[in-house]
Amino acid sequence: MSAHSSATSSPLKGYFAVWIALLAGTGLTVYAATLDLAPYNAAVALGIATIKATLVALFFMHVWHASEKLTKLVVIAALFFLLLLLGLTMSDYATRLWS
Amino acid sequence: MSMATAIPQPAERENYLNKEYGVWSWLLTTDHKRIALLYLISITFFFFIGGFFALLIRLELLTPAGDLVQADTYNKLFTMHGMVMIFFFLIPSIPAVLGNFLVPLMIGAKDLAFPRINLLSWYLYIIGGVMMLHCMLTGGVDTGWTFYAPFSTSFTNTKIVEAGLAIFVAGFSSILTGLNFVVTIHRMRAPGMTWSRLPLFIWAHYATSIIQLLGTPVVAVTIVLVAAERALHLGIFDPKLGGDPLLFQHLFWFYSHPAVYIMILPSMGVVTEIIACFSRKRIFGYHFVAFSSIAIAVFGFLVWAHHMFVAGISVYSALVFSFLSYAVALPSAIKVFNWTATLYKGSIHYDAPMLYAFGFLGLFTIGGLTGLFLSALGINVHVTDTYFVVAHFHYIMVGGAVMGYLGGMHFWWPKISGRLYPEGWARLAALIVFIGFNLTFFPQFVLGYMGMPRRYYDYSHMPEFQVLNVLSTAGATVLGVGYLLPMVYFLWSMRYGKPASDNPWNAAGLEWKTASPPPTFNFDEEPVVTWEAYNYEELDAPHSEEVPVAR
Amino acid sequence: MPDSTVIGLHHEEEHRPELLHHFAEPQQQRDAASLGMWVFLGTEVMFFGGLFCAYLVYRRWYFGDFAAASKSINMGLGATNTAVLICSSLTVVLAVWAAQTARRTLLIGSLALTMLLGLAFLGIKAVEYKDKFEEHHVPGASFSFDHVEIPGHPGEYANPRHAQMFFSLYFVMTGLHALHMIVGLGIFLWLFIMAWKGRFTPEWNTPVEIGGLYWHFVDIVWIYLFPLLYLIDRHP
């Protein structure tokens with residue numbers, strides 16, 4: 001799909017930039033793990049992972065340039081149902097000890 | 001279009017059945033219509049195996065004492081009945097047979113998007129089926145089809161891993177079918193076939209595919225965990241090692257509750273087609289029926305923990321799940337109301353497919369309403385694990401799904417085989433199935449409400465339950481006859497039935513605008529759609545033009 | 001490149017052997033294949049989702065034990081593997097670009113490099129598994145995790161059973177991920193052979209594109225596995 005757009009400008013610069021960002025993100029997540037951020041260590045680690053995953057999806061998997069919304073819809077639907085699975089399951093575990 | 005096709009020679013036309021002969025032309029086919037027939041044969045085989053187990057179960061319950069089989073054997077009987085019927089009959093039934101046959105035809109495509117993957121999915125089904133048969137013949141499983149841990153992981157010595165792998169493989173067959181449908185419906189529609197012109201059968205299959213795609217992988221990985229736990233003693237679901245058995249139930253029901261909608265949604269699609277055709281009316285509230293299919297698919301994923309109300313989940317979570325369970329009733333009710341509204345002032349024809357559709361309406365409504373009882377936390381606690389639950393899900397999965405399947409088989413049989421089935425026998429069979437079904441399962445509601453637990457092979461401490469059990473067993477034999485009849489006359493009609501015209505019901509829909517049986521690539525010329533779905537007013541108009549497709 | 005370059009583009013489109021009979025045009029076939037892969041990846045999200053769900057439940061319950069167990073894994077190897085996979089994702093995206101722009105040498109080189117990086121990942125993974133095996137951290141009869149302090153709680157020891165839960169999830173999750181890597185290597189070997197034969201052209205390179213999607217997805221799974229398994233409570 002991006003074959004036509006690549007004829008005008010090379011996407012290589014962008015690919016390498018994303019690659020550097022991903023490596024930097026890996027370094028950052030390792031560094032952040034050694035800091036004591038009290039309750040936020042997990043949030044920071046998952047936040048960095050999500051940014052990295054988003055970069056891969058948007059630029060390496062070309063979701064950003066996808067010519068139609070359908071690809072985006074599939075991604076969003078999968079994530080939505082994943083959150084349903086995790087969220088509703090945790091609704092049980094998180095409230096078991098109430099009362 | 002060349003001149004040659006203008007000469008009508010219906011008997012000698014080349015079609016998908018007579019194009020090639022020989023075993024390999026079937027076993028290596030990528031034609032969706034032939035694959036549909038392969039599925040038809042395979043699921044019928046498993047249906048009768050599952051039915052055989054059901055018959056033994058009913059015979060055992062004829063008398064209060066456990067006299068026909070041993071307790072262990074009985075456990076295996078209901079387990080294998082459930083596994084075979086759910087994973088090897090109901091889940092593939094309408095999608096893999098009628099869906100496979102009709103989805104490309106209805107949207108005007110030459111085939112599914114991935115014909116080789118379609119064939120692969122049949123082979124996966126067969127591999128899973130052979131594993132399941134082997135598992136049955138070498139001892140079977142006794143956990144119930146639900147595999148509850150830690151009984152399945154730490155205690156029983158039956159063939160859990162093998163049955164699990166069989167279901168895992170069959171699950172991938174189901175995923176690939178769903179994947180094929182989704183891509184086909186998005187990418188292969190004929191020119192002019194917009195989303196709001198799609199037959200509602202297609203919408204129902206689209207919704208079904210969503211569930212197959214998003215639910216099945218979760219049960220697959222759950223089975224992997226169970227197998228790993230048994231083989232490697234991991235303890236993920238083992239309370240002795242810090243695991244939580246309820247986690248198994250969460251993961252299992254995340255798939256297995258929506259799986260009920262994999263069974264019922266395609267049936268709803270079939271019934272929609274039949275009701276429109278035999279009322280000679282446009283379906284009432286097209287968009288409501290279409291989007292209620294999608295709504296059922298999504299809401300179906302929000303309610304799974306109502307299977308676990310007494311298992312020890314948090315009360316607060318149970319309240320939420322109870323409330324959400326009511327929500328699924330909304331889109332289902334929307335469908336029933338729209339079907340009823342379609343019937344209103346329709347010109348109703350009581351042909352066999354319509355009789356099955358009526359049967360579906362009644363039985364599904366009873367099944368759905370008793371489902372509301374079960375959504376209510378209080379009643380659920382009272383009737384959990386009783387025959388009330390057994391009756392409820394049989395009303396949905398047999399009364400609903402199988403009625404729809406049989407109705408669809410009758411409706412499209414002329415298209416599939418090119419022959420007409422004997423109408424009189426078919427109406428009789430529809431009646432027998434309806435009576436037999438109610439006689440089998442209605443007493444079970446009463447039994448359950450009175451407190452008869454499910455999965456007991458011996459109820460000699462409560463002999464007052466025998467009368468209703470005898471009724472149920474009698475009904476099961478009637479039902480068995482009702483199911484055998486269509487198989488007999490369908491086979492008979494393949495040889496002796498009258499040749500069917502292209503459109504024997506004068507029905508709307510692209511599948512009726514090609515030959516019966518259709519040619520290998522479905523349409524002689526790519527159809528262009530310029531009309532809305534269910535244009536029965538135009539079809540029945542006194543001076544209606546010939547169908548506006550170039551032939 | 002074989003003879004296909006001499007044939008004119010319009011003529012070529014009508015007689016492309018890759019265009020299957022049931023598609024009207026190559027664009028439709030490409031879009032179908034790409035959507036098919038995306039939908040499949042959606043199912044993969046749910047497949048790993050079940051595992052993440054189990055992980056989430058037990059990590060909340062047994063946080064200290066999980067932290068202690070996590071600390072026993074070699075973070076350096078895990079970080080290296082993350083970098084290896086990120087590099088392989090770059091070579092994949094280069095391969096897709098090379099296929100689309102008819103750069104055959106770059107295509108073959110990128111595919112080869114991707115496979116090498118994939119093998120490197122599996123090799124490092126094997127070293128890690130071997131370490132765990134030697135430390136008796138593989139769940140089962142010989143499992144032992146005695147007297148390991150919970151990070152941040154001096155004098156408190158991790159419950160070996162709950163630590164074993166961590167290792168169970170660790171092996172299942174990384175094992176299934178490694179299985180996906182092996183499947184990916186198989187796909188890329190096939191792509192490599194096809195590319196070697198010169199079968200991919202700017203008009204027809206869908207397999208490279210959708211094979212690439214799969215590879216990136218496996219990379220994304222690892223991007224989450226790394227912090228979740230290796231980096232629980234690492235601070236001193």
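Here are three short exercises on chain B of this predicted model.

**Exercise 1.** Work out which stretches of chain B to treat with caution.

*Solution.* Start with the whole chain: the average pLDDT is 93, and 96% of the residues score at least 70. Next, look for the dips. Residues 1–10 stay under 50, and the model gives them four contacts beyond four places in sequence. Residues 544–551 are also below 50, with 10 contacts beyond near neighbours in sequence. Where pLDDT is low, the predicted coordinates shouldn't be read in detail.

**Exercise 2.** Describe how α11(B) packs with α14(B).

*Solution.* First find the helices: α11(B) covers residues 352–375 and α14(B) residues 423–450. Their axes sit 8 Å apart, at an angle of about 10°. Angles under 35 degrees count as roughly parallel, so that's what we call this pair. The crossing is left-handed. Now check who touches whom: α11(B) brings residues including Leu355(B), Tyr356(B) and Leu363(B), while α14(B) offers, among others, Phe434(B), Phe437(B) and Phe445(B). Sorted by class, that contact holds 10 nonpolar, two polar and two charged residues.

**Exercise 3.** Do the same for α3(B) and α8(B), and sort their contact residues by class.

*Solution.* Helix α3(B) runs over residues 71–107 and α8(B) over 245–279; the angle is about 35° and the axes are 8 Å apart. Here too, α3(B) passes α8(B) in a left-handed crossing. On the α3(B) side you'll find Leu90(B), Ile91(B) and Pro95(B), among others; on the α8(B) side, Ile262(B), Met263(B) and Pro266(B) are among them. The class count comes to 10 nonpolar, two polar and no charged residues.

How values were computed. Residues are numbered from 1 along each chain as its sequence is written. Chains are lettered from A and ligands numbered from 1 in the order in which they are written. This is a predicted model: local features need pLDDT of at least 70, side-chain atom pairs count only at pLDDT 80 or more; totals for chains, interfaces and linings use all residues. Axes are lines fitted to C-alpha atoms, for helices over the stretch in contact, and angles run from 0 to 180 degrees between N-to-C directions. Helices (H or I, at least four residues) and strands (E, at least two) are DSSP runs, numbered from the N terminus. A crossing is left-handed if the near helix is turned anticlockwise from the far one by less than a right angle, and right-handed if clockwise. Two residues are in contact if their C-beta atoms, placed from the backbone, lie within 7 Å. Ala, Val, Leu, Ile, Met, Phe, Trp, Tyr, Cys and Pro count as nonpolar, Asp, Glu, Lys and Arg as charged, and the others, Gly among them, as polar. pLDDT is the predictor's confidence in each residue, from 0 to 100. Angles under 35 degrees count as roughly parallel, over 145 as roughly antiparallel, 65 to 115 as roughly perpendicular and the rest as oblique.
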